[in-house]
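Work through the exercises below with the sequence and the structure in view. Each task is followed by a solution in steps.

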Amino acid sequence: MADNDIGQTLRSILMSEKGGVHLRRLKKDYKELAGEELPYRKLGHRNVEDLIRSMPTVAVLMFDAREDDYVVKPVADDRSAHILSLVNRQRSVKRKSSSRYRGRSSGGFGRPRFSSRYVPPPVRYNYQPPRQAPQPPRQSPQPPRQT
């Protein structure tokens with residue numbers, strides 16, 4: 001694949017995501033789209049990061065400290081600037097909260113889980129615990145009879 005074709009393929013992958021693509025995912029997506037791994041060694045680079053840094057008109061490499069990985073963002077040219085602006089104006093996908101934490105603050109239907117009007121339980125002044133029936137005395141085991 002020619003160097004120009006690699007740049008076009010990378011740009012098309014990068015423009016499909018709003019905030020850029022993590023480097024791990026870029027390698028995977030390139031392999032799925034092109035049918036081969038990124039040929040950075042054939043082009044004389046030690047790793048994929050060096051390949052992307054050598055293509056400043058195609059992509060910019062940034063480090064994401066939260067994910068501890070590089071994020072690759074596209075650089076638009078005259079033909080692709082309008083596509084990049086459309087993708088950037090898309091709504092972000094809201095992630096659903098995990099079911100583990102869902103409903104912690106409310107009991108459903110928007111009502112608070114705990115009422116602000118606390119009513120203590122009624123006091124039982126003459127309360128006596130229930131009585132247990134008397135147990136018969138335990139008999140010790142008798143030795144077997146000898147005949």
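## Exercise 1: Pairing in the sheet

H22 has V71 as its bridge partner in β3. The model is a predicted one.

Task: Find which strands β3 is joined to, and how many bridges join each pair.

Solution.
- Step 1. Start from strand β1, residues 21-22, and look across to strand β3, residues 69-74. V21 faces V72 of β3, and H22 is paired with V71. Two bridges join β1 to β3, and the strands run antiparallel.
- Step 2. Turn to strand β2, residues 59-64, which is joined to β3 by six bridges, again antiparallel. One of the residues to check is A59, whose bridge partner in β3 is P74.
- Step 3. Put the strands in order: the open sheet of three strands reads β1-β3-β2, with antiparallel pairing. β1 and β2 are at the edges with a single partner strand each, so each has one side without a neighbour in the sheet.

## Exercise 2: The hairpin

Task: Which residue in the hairpin of β2 and β3 takes a positive phi?

Solution.
- Step 1. Locate the four residues between the strands β2 and β3.
- Step 2. Check phi in this hairpin: D68 has a positive value, near 55 degrees.

## Exercise 3: Helix α2

Task: Compare the expected span of α2 with the distance between its end C-alpha atoms, then sort its residues into buried and exposed.

Solution.
- Step 1. Helix α2 covers residues 23-34, which is 12 residues, and at 1.5 Å a residue the expected span is 16 Å. The end C-alpha atoms lie 16 Å apart, so the two values agree.
- Step 2. Taking under 20% relative accessible area as buried, the buried residues in α2 include L23, L26, D29 and Y30. These residues cover an arc of only 115 degrees around the axis, so they are on the same side of α2.
- Step 3. With over 50% as exposed, R24, K28 and E32 are exposed on the face of α2 turned away from its buried side.
- Step 4. Look just past the helix: α2 is followed by G35, which has a positive phi near 85 degrees.

## Exercise 4: The largest pocket

Task: State the volume of the largest pocket and describe its lining.

Solution.
- Step 1. The largest pocket holds about 360 Å³ of space.
- Step 2. It is lined by 12 residues, of which H22, D64, R66, E67 and V71 are the closest to its centre.
- Step 3. β1 and β3 are the elements that give two or more residues to this lining.
- Step 4. By kind, the lining of the largest pocket has two nonpolar, three polar and seven charged residues.

Key
Residues numbered from 1 in each chain as written. Predicted model: local features only at pLDDT ≥ 70, side-chain atom pairs only at ≥ 80, totals over all residues. Heavy atoms only, no water. Pairing = 2+ DSSP bridges. Expected span 1.5 Å × (residues − 1). Buried < 20%, exposed > 50% of the residue type's maximum accessible area, 1.4 Å probe, protein only. Arc of directions from axis to C-beta. 1 Å grid on protein atoms, 1.4 Å probe; cavity = no way out; pocket = protein on both sides within 12 Å on 5 of 7 lines; lining within 4 Å. Points joined across faces, edges and corners; volume = space filled by probe spheres on them. Nonpolar A, V, L, I, M, F, W, Y, C, P; charged D, E, K, R; others polar.
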